[in-house]
Amino acid sequence: MHNRMMITGAGSGLGREIAVRWAGDGWQLALADVNEAGLRETLDLVRTAGGDGFVQRCDVRDYSQLTALAQACEERFGGCDVIVNNAGVASGGFFAELSLEDWDWQIAVNLMGVVKGCKAFLPLLERSRGRIINIASMAALMQGPGMSNYNVAKAGVLALSESLLVELRQVEVAVHVVCPSFFQTNLLDSFRGPNPAMKAQVGKLLEGSPISAADIAEHIHRQVEAGEFLILPHEAGRQAWQLKCQAPEKLYDEMADMAQKMRAKARKPTN
Ligand SMILES: NC(=O)c1ccc[n+]([C@@H]2O[C@H](COP(=O)([O-])OP(=O)(O)OC[C@H]3O[C@@H](n4cnc5c(N)ncnc54)[C@H](O)[C@@H]3O)[C@@H](O)[C@H]2O)c1
């Protein structure tokens with residue numbers, strides 16, 4: 001059997017679309033989130049798409065809730081083949097203005113949530129020779145201005161994924177990391193940061209994506225099948241990453257210009 005998947009942050013956005021995509025192949029889904037109404041909607045969509053499963057409230061900041069989720073997968077599915085560490089929150093603000101509490105919150109959800117998910121499920125994945133799919137962001141590779149705490153958390157997810165890729169090869173657990181650029185979801189609802197003008201700027205970036213969460217889920221499905229480790233769903237993201245590898249200074253100059261423009265916009269009063 002190889003058709004049991006656990007997804008965190010499955011009550012909305014990309015997590016939901018990944019659930020629906022794999023449900024289309026008849027998979028059993030363990031759907032976890034802090035948003036229980038969202039989870040129930042996702043389970044309905046999963047059933048309509050041809051899959052099944054269960055929902056469980058799980059805050060990824062709390063390790064005991066993740067081990068309880070792993071236990072539930074044991075009891076209901078007899079194990080788990082794939083985990084998707086997807087739950088995440090948005091933040092923004094220049095380094096000088098971000099508080100240490102903003103940092104703690106961002107790291108606790110977006111980085112330690114993934115560490116805890118991997119740790120809680122590793123015994124099950126070793127048994128099933130399964131796979132880990134971690135949802136990072138282009139922020140892991142590009143470090144844009146006005147979001148240093150998000151950049152660091154996501155770069156940590158990438159570093160963790162690379163570490164696991166090499167450590168877990170011997171036990172035949174596969175690892176993938178996904179780095180999307182901005183796309184439209186409910187991510188802005190979770191935004192936290194010192195400057196409301198920056199929230200509006202992030203909102204515009206989410207709206208501007210040429211591809212949807214469903215497109216990204218489809219891309220991930222194809223790339224996982226192909227055995228790709230680093231998955232970059234956006235064409236512009238692939239180009240930007242190439243540019244950074246070839247001429248990082250050029251990219252830093254562009255980012256510094258962008259920082260200046262963002263600072264000017266953030267200073268304008270919002271009404
Ligand atoms: N939308 C984008 O532009 C974008 C770009 C790159 C990466 N990502 C990443 O994609 C992932 C999914 O985000 P999305 O865009 O679908 O946003 P979303 O807000 O629509 O979905 C995220 C889900 O995570 C859940 N969540 C938040 N904190 C949680 C916690 N502590 N424990 C459990 N669940 C929690 C939320 O309730 C929500 O249902 C995130 O990791 C995000 O950082 C998003």
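Colleague: Which helix gives the most to the shell around the ligand?

Modeller: Helix 1 does, with three residues. Keep in mind that this is a predicted model. Helix 1 spans 13–23, and both helix 1 and helix 4 supply at least two residues of that shell.

Colleague: How many residues surround the ligand, and which are the closest?

Modeller: The ligand is surrounded by 33 residues. Gly 9, Ser 12, Gly 13, Gly 88 and Thr 185 are the closest. By class, the shell has 14 nonpolar, 15 polar and four charged residues.

Colleague: What makes helix 1 enclosed?

Modeller: Burial of its residues. A residue is buried if 20 or more other C-beta atoms lie within 10 Å of its own. In helix 1, 10 of the 11 residues are buried, so the helix is largely enclosed by the rest of the structure. Among the buried ones are Gly 13, Leu 14, Arg 16, Glu 17 and Trp 22.

Colleague: What covers the buried residues of helix 1?

Modeller: The cover includes strand 1 (4–8), strand 2 (28–33), strand 4 (82–85) and strand 5 (131–135). Helix 2 (36–49) and helix 8 (213–225) are also included.

Colleague: Why are helix 4 and helix 6 called roughly parallel?

Modeller: The axes of helix 4 (residues 100–128) and helix 6 (residues 148–167) cross at roughly 15 degrees. Angles under 35 degrees count as roughly parallel. Helix 4 and helix 6 are therefore roughly parallel to each other. Their axes come within 9 Å, and the crossing is right-handed.

Colleague: Which residues of helix 4 and helix 6 meet?

Modeller: On the helix 4 side, they include Trp 103, Gln 106, Ile 107, Asn 110, Leu 111 and Val 114. On the helix 6 side, they include Tyr 150, Ala 153, Val 157, Leu 160 and Leu 164. The contact of helix 4 with helix 6 has 11 nonpolar, four polar and two charged residues.

Colleague: Take Ala 153. How do you know whether Ala 153 is buried or exposed?

Modeller: Count the neighbours. Ala 153 has 28 other C-beta atoms within 10 Å. The cut-off for buried is 20 or more. Ala 153 is therefore buried. Ala 153 is found in helix 6. Leaving out residues up to four places away in sequence, Ala 153 touches Gln 106, Ile 107, Asn 110 and Leu 111.

Colleague: Why are helix 3 and helix 4 called roughly parallel?

Modeller: The axes of helix 3 (residues 63–77) and helix 4 cross at roughly 30 degrees. The limit is again under 35 degrees. Helix 3 and helix 4 are therefore roughly parallel to each other. Their axes come within 9 Å. Helix 3 passes helix 4 in a right-handed crossing.

Colleague: Which residues make the contact of helix 3 with helix 4?

Modeller: Tyr 63, Leu 66, Thr 67, Ala 70, Cys 73 and Glu 74 in helix 3. They meet Lys 116, Gly 117, Ala 120, Phe 121 and Leu 124 in helix 4. By class, that contact has seven nonpolar, two polar and two charged residues.

Colleague: What makes helix 7 oblique to helix 10?

Modeller: Helix 7 (residues 196–207) and helix 10 (residues 248–267) pack at an angle of about 125 degrees. Roughly perpendicular covers 65 to 115, and roughly antiparallel needs over 145. The angle fits neither class, so helix 7 is oblique to helix 10. The two axes are 8 Å apart, and the crossing is right-handed. Ala 197, Met 198 and Gln 201 of helix 7 make the contact with Met 262, Lys 265 and Ala 266 of helix 10.

Colleague: What is unusual about the phi of Gln 143 and Glu 172?

Modeller: Most residues other than glycine have a negative phi. Gln 143 has a positive phi of about 45 degrees. Glu 172 has a positive phi of about 60 degrees. Gln 143 is in the loop between helix 5 (139–142) and helix 6, and Glu 172 is in the loop between helix 6 and strand 6.

Colleague: Why does Gln 143 count as partly exposed, and Glu 172 as exposed?

Modeller: Exposed means 12 or fewer neighbours, buried means 20 or more, and partly exposed is in between. Gln 143 has 18 C-beta neighbours inside 10 Å, so it counts as partly exposed. Glu 172 has 12, so Glu 172 counts as exposed.

Colleague: How do you know that Arg 169 is exposed?

Modeller: Arg 169 has 11 other C-beta atoms within 10 Å. The limit for exposed is 12 or fewer, so Arg 169 is exposed. Arg 169 lies in the loop between helix 6 and strand 6 (174–178).

Note on methods: Residues are numbered from 1 along each chain as its sequence is written. This is a predicted model: local features need pLDDT of at least 70, side-chain atom pairs count only at pLDDT 80 or more; totals for chains, interfaces and linings use all residues. Axes are lines fitted to C-alpha atoms, for helices over the stretch in contact, and angles run from 0 to 180 degrees between N-to-C directions. Helices (H or I, at least four residues) and strands (E, at least two) are DSSP runs, numbered from the N terminus. A crossing is left-handed if the near helix is turned anticlockwise from the far one by less than a right angle, and right-handed if clockwise. Two residues are in contact if their C-beta atoms, placed from the backbone, lie within 7 Å. Ala, Val, Leu, Ile, Met, Phe, Trp, Tyr, Cys and Pro count as nonpolar, Asp, Glu, Lys and Arg as charged, and the others, Gly among them, as polar. A residue is near a molecule or strand if its C-beta atom, placed from the backbone, lies within 6 Å of it.
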